[in-house]
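Thanks for coming. I will keep this short and go through one structure, starting with its empty spaces and then moving to its strands.

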Amino acid sequence: MKKCMRKCFAIYLILAVLMSMMLVGTGAAWAQNEGGGQLVAVGYTSDRSNITKDMTVNLSIKLKHTGKQTVDDGLVDVTRLVDSFSGGKIDKAVTSGEGQTFTMDVSVSGLKYTGSGRSLKLMVGIDRDYEEIEIPITECKEYEEPTYEPVQPSEPDPIPAPKAILSRNEMPSSMKSKEERTITVYVKNVGSTTMYNPVISFTASDCLMLPGTSASMQLKNIAPGKTESVDIQVRALNQITSSSQYLEAELKFEYNNRVADVDGSSSGRISIPAKVTEEKKPEEEEAVTDSPVPNLIITHFNYGGASVAAGSAFDLSFDFVNTSSKLAAENVVVTVEGGEGFTIKGSTNTFYFEKVKAGGKKTVSVPMKVMQTVANGAQPVSVSFKYEYVDNKKRNAASADLKITVPVYQKDRFEIARPVVPVMVYAGEENSITMSYVNKGKSDILNVEATLEGNVDTYTPVQNIGNLEPGKSGTIAFSVTATEAGEAEFTIKVTYEDANGDTKTREFPVTMAVEEMVFDDPGMEEPMDPGMEEPEKTGLRLPVILGIAAAVIIAAILIIRKRKKAAALKKEAAMWDSWDDDMTGGGSGTTDAAGTAGTGSTEGKK
């Protein structure tokens, strides 16, 4: 036992010596804690005065421990905690001298502000004694998410029709007499929506002509800001009277205005510089009288009937003649314009004839279509002629603008249903006859009147309905009375004026099967036979009597059952009373060993 104690004491001494040696080795670096104290941030500096989200900033912090003295830098550990910044590099330096209160500078560079919170958190260890410190950074401006209020979508406003800018290529010189050139025309869409299926048509000035077979051309779809081009042949006439010649261009297209697909158009003038032709005067002027200018006039035209329905196609053909008896018309160009009421269907609107002799006639046929929305009445079609003629060895230019009219009508789509007749009709009874109507056309129906004629009576044989706008509907009603049984026949006539002003009448014959009115006649009571007794009158009917009898029978059955049950109960009570009397009457009745009752006490005494 003593040996063990000695060994333990020796080990204890050795450990004490080792501990004292370790303390002596680190004596200079050991921070003494006088009265506890705490680590505080004396202050900080920032290289940014306004720190916002995702901004990089450098911070310098001064730290002081109120209860510790200075230690070596190697015994100080500074690490970052989760705070309002990300990234960053830490540099530290102990600034206090030996024996002084512990102070230290900490620099954190390359910090990136997250936009949330306003603090920097550090874990500082001084000689294995760790403390957490939080430094508020007042320069931080926390990020606030912008608030967006949902905007209710509004009805789209229609986009205005796109506009086109027309231009041409550069011309090396002015056009001369009889010269022919190819001019490139550029069409630029300066609108905000695409031009679909654009078609461009050209009209030349007085001293120019278009020798091609067509003055209209199809272009590709033109997107906003894009340009398409087209080449057109232009020929100058023999005599150019003005240097300012031009081409009139009209562009028709379709576009979407954000609401629907609609038609649009744009036009412009393209200038063509030309050189004026100088007239050569002969040395000796001869007194020559010029011939009358040959005129081209339309003598006959045909459009397939008396009038043309809106929305339908037709062929417009016309004959024109040269009124001159001496001079021929040459290089004749005929242009047909349908205006707003007609369109050219699958064909060009320009026709060329090399020569129309004096008094000669030519025929032009143009496939056309009437616009669906055109108004009723005569719609104009313009026909223009440009041509040349030679008089006294001098070539001259001439032109003529003529108009013809084509009557157009909207189709009659006034629908009237057949009259509705009651199933059962009795003589002398008033009945209602109705018929519905609706105007499905695109024009007004005027002065609608309904008339009833026949062998029935009515208070309103004539009804004035008035004018009906497109889409309007209603009902015509007559109150009629048939006076006799049999078949009542009458006719309802509806008269109105259509969009062309023509009066139309529709007749609706009606036949009603009329039956005789039947009345319940109580008549006179038949006289009774004197030998028969008048049956006794009663105020109750048979069903009531049977019901009362059934109720009486059911009540009687219930009473009988109740009485029978009471009698049975009384009889049972009497039986129990007699049984009690039997049990108590002898006073000493006993039972023998076999279980039989004794009969008296006399035998027992024996």
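How do the residues of the lining of the largest cavity divide into nonpolar, polar and charged? Two are nonpolar, four are polar and five are charged. Before I go on, please keep in mind that this is a predicted model.

Now the cavity itself. The structure holds one cavity of 30 Å³ or more, and the volume of the largest cavity is about 50 Å³. Its lining is made up of Gln410, Lys411, Asp412, Arg413, Asn439, Gly441, Lys442, Ser443, Ile445, Asp498 and Ala499. If you want to find the place on the screen, Gln410 through Arg413 is a good place to begin, since those four numbers run on in the lining.

Next, the pocket. The largest pocket has a volume of about 850 Å³. There are 28 residues lining the largest pocket, and the closest to its centre are Val199, Lys252, Phe342, Thr343 and Ile344. By class, this pocket lining comes to seven nonpolar, 13 polar and eight charged residues.

Which strands each supply at least two residues of the lining of the largest pocket? They are E10 (196-204), E12 (216-218), E14 (244-256), E15 (261-273), E19 (329-337) and E20 (342-344).

Two residues in this part of the chain deserve a look at their backbone. Most residues other than glycine have a negative phi. Arg258 is not a glycine, yet it has a positive phi of about 75°. Arg258 sits in the loop between E14 and E15. Asn331 is not a glycine either, and its phi is positive at about 50°. Asn331, however, is placed in strand E19. Is Asn331 buried or exposed? Asn331 counts as buried because its relative accessibility is 15%, and the cut-off for buried is under 20%.

On to the sheets. One open sheet has four strands in the order E1-E2-E5-E4, with antiparallel pairing. Its edge strands are E1 (39-46) and E4 (85-94), each of which pairs on one side only. Neighbouring strands of this sheet are turned against each other by 25° on average, direction ignored. Within the sheet, E1 and E2 (residues 56-69) pair in the antiparallel sense over seven bridges. To find the register, take Leu39, whose bridge partner in E2 is His65. While you look at it, recall that in a regular strand the side chains alternate between the two faces of the sheet.

Further along the chain, look at strand E13 (residues 227-236). Strand E9 (residues 180-189) and E13 pair in the antiparallel sense over nine bridges. Here Glu180 stands opposite Arg235 in E13. Strand E11 (residues 208-209) also pairs with E13 in the antiparallel sense, over two bridges. In that pairing Leu208 stands opposite Ala236 in E13.

Last, the cysteines, for anyone thinking about disulfides. How many disulfides does the count come to? The count comes to zero, with a disulfide taken as a pair of cysteine sulfur atoms within 2.5 Å. As for where two of the cysteines sit, Cys140 counts as buried because its relative accessibility is 1%. Cys207 is buried too, with a relative accessible area of 5%.

That is what I have. Questions, please.

Key: Residues numbered from 1 in each chain as written. Predicted model: local features only at pLDDT ≥ 70, side-chain atom pairs only at ≥ 80, totals over all residues. Heavy atoms only, no water. Pairing = 2+ DSSP bridges. Buried < 20%, exposed > 50% of the residue type's maximum accessible area, 1.4 Å probe, protein only. Axes fitted to C-alpha atoms, helices over the stretch in contact; angles between N-to-C directions. 1 Å grid on protein atoms, 1.4 Å probe; cavity = no way out; pocket = protein on both sides within 12 Å on 5 of 7 lines; lining within 4 Å. Points joined across faces, edges and corners; volume = space filled by probe spheres on them. Nonpolar A, V, L, I, M, F, W, Y, C, P; charged D, E, K, R; others polar.
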